[in-house]
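Me: I am new to this structure and would enjoy a guided, close look at one part of it. Please take your time and show me how that part connects to what lies around it.

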Amino acid sequence: MTKIAVFPGSFDPFTIGHESIVKRALPLFDKIIIAIGYNSNKQDFFPLDIRKKWINDVFKNYDNVVVDCFEGLTIEFCHQVGAKYLLRGLRTAIDFEYERSIAQMNKYMAEGIESVFLLTTPAHTPVNSTVVREIIRYGGDASQFLPKEINIHDHKF
Ligand code: ADP
C-alpha cells in the first residue's frame, strides 16, 4: 500500500526549515504532498501561486514530492488525496503544545490518520516564516533562510 503523507502549512514563505523536514521525511513515505492551506478571506504575504511555484522549484527533481493547495480542514484534504499520515515539524515546546492539541483533535475526527512529527535540526530551530516575512518587509536579506531555489527578488511586491 502506498504510504502518502500530507505536509500542511501556510509556507508564506517556504523556508530551509520546511525543506529539511520534507527531505528528512522522504525515506519514511512513498509520497509527500506539500499542501498549502489558504483562507480565501485572508490576505497572505506572498500570493498562493508564487508560493506554489517556489516549492515546486525546490522539489523539481523529486518525483515523490508534489505540491498542492487546499482550503478547509486538513483531515478532509487527507481523505481526498488518500493520505493516512500528517507530517509536521516541531521546533519548541510551544510548537509541541499547539501541535499536540491539533493532532489529538484530528484523531477524534479522523481515527485512521496518524500525525507524524520530526524534530527540527538544531540549526533550523530559530527559522520561522513570520520572522522571514518581517525581514523581507523591511528590505533585509533573508536569503540564508530560504532554499537556494527561492529568489524572492523574482517577485515584485
Ligand atoms: P502553519 O501555519 O501551519 O504553522 P507553517 O508554514 O508555519 O504553517 O509551518 C508548517 C509546518 O512546518 C509546521 O509543522 C511547523 O511546525 C513546521 N516548521 C516551520 N518552521 C520550521 C523549521 N524552521 N523547522 C522545522 N519545522 C518547521
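Where is Arg51 found? And with which residues is Arg51 in contact, leaving aside its neighbours within four places in sequence?

Reply: Happy to walk you through it. Please keep in mind that this is a predicted model. Arg51 is found in helix H2, which covers residues 48–58. The relative accessibility of Arg51 is 1%, so this residue counts as buried, the cut-off being under 20%.

Now for the company that Arg51 keeps. Leaving aside neighbours within four places in sequence, Arg51 is in contact with Ser10, Phe11, Asp12, Ile36, Asp44 and Phe46. Two of these names, Phe11 and Asp12, belong to the loop between E1 and H1. That loop is a good place to continue.

Let us start with Asp12. Asp12 lies in the loop between E1 and H1 and has a relative accessibility of 4%, so Asp12 counts as buried. Once neighbours within four places in sequence are set aside, Asp12 is in contact with Asp44, Phe45, Phe46, Arg51, Ser129 and Arg133. Asp44 and Phe46 also appear in the list for Arg51. For Phe45 there is a distance to look at: a polar atom in the side chain of Asp12 is 2.8 Å from the backbone nitrogen of Phe45.

On one side of Asp12 sits Phe11, which is found in that E1–H1 loop as well. Phe11 is not a glycine, yet its phi is positive, at about 50°. Its relative accessible area is 2%, so Phe11 is buried.

On the other side, the backbone has a feature you can look for in the model. The peptide bond that joins Asp12 and Pro13 is cis, with omega at about 5°. Pro13, too, lies in the loop between E1 and H1.

One step further along the loop between E1 and H1 is Phe14. Phe14 has 1% relative accessibility, so it counts as buried. Apart from neighbours within four places in sequence, the contacts of Phe14 are Glu19, Val22, Ile34, Ile55, Phe59, Leu146, Pro147 and Ile150. Among them, Ile55 falls in the residue range of helix H2. For a sense of distance, Phe14 and Arg100 are 86 residues apart along the chain, and their C-alpha atoms are separated by 22 Å.

From here we can move to the ligand, since Ser10 and Phe11 will take us there. The ligand is surrounded by 16 residues, and the closest are Ser10, Phe11, Gly89, His124 and Val127. Both Ser10 and Phe11 are also contacts of Arg51. Elements that each supply at least two residues of the shell around the ligand are strand E1 (4–9), helix H1 (16–25), strand E4 (85–90) and helix H4 (93–109). By kind, the shell around the ligand has five nonpolar, seven polar and four charged residues.

Some short distances can be traced between the ligand and the protein:
- From an N or O atom in the side chain of Ser10 to an oxygen atom of the ligand, the distance is 2.5 Å.
- From a polar backbone atom of Val127 to a nitrogen atom of the ligand, the distance is 2.8 Å.
- From an N or O atom in the side chain of Arg91 to a nitrogen atom of the ligand, the distance is 3.1 Å.

Taken alone, the ligand would expose 550 Å², and the protein buries 86% of that area.

Arg91 leads to one more residue, Pro126. Pro126 has its place in the loop between strand E5 (114–119) and helix H5 (129–137). With 60% relative accessibility, Pro126 counts as exposed. Pro126 and Arg91 are 35 residues apart in sequence, while their C-alpha atoms are 7.8 Å apart in space.

Finally, let us step back to the whole protein. The protein has five helices and five strands, and from the N terminus on they run β-α-β-α-β-α-β-α-β-α. The radius of gyration is 15 Å, close to the 15 Å given by the globule rule for 157 residues, so the protein is as compact as a globular protein of that length. Of those 157 residues, 39% are buried, Arg51 among them. Among contacts between residues at least 6 apart in sequence, 78% join residues at least 24 apart.

Note on methods: Residues are numbered from 1 along each chain as its sequence is written. This is a predicted model: local features need pLDDT of at least 70, side-chain atom pairs count only at pLDDT 80 or more; totals for chains, interfaces and linings use all residues. Side-chain values use heavy atoms; hydrogens and water are left out. A residue is near a molecule or strand if one of its heavy atoms lies within 4 Å of it. A polar contact is a pair of N or O atoms within 3.5 Å; within protein, one must be able to donate a hydrogen and the other to accept it, and residues adjacent in sequence count only if both atoms are side-chain atoms. Accessible areas come from the Shrake-Rupley method with a 1.4 Å probe; for residues, only the protein chains shown count as cover. Helices (H or I, at least four residues) and strands (E, at least two) are DSSP runs, numbered from the N terminus. Ala, Val, Leu, Ile, Met, Phe, Trp, Tyr, Cys and Pro count as nonpolar, Asp, Glu, Lys and Arg as charged, and the others, Gly among them, as polar. The radius of gyration is taken over C-alpha atoms; the globule rule is 2.2 Å times the number of residues to the power 0.38. Buried means under 20% relative accessible area, exposed over 50%, partly exposed in between (1.4 Å probe, protein chains only). Contact means heavy atoms within 4.5 Å.
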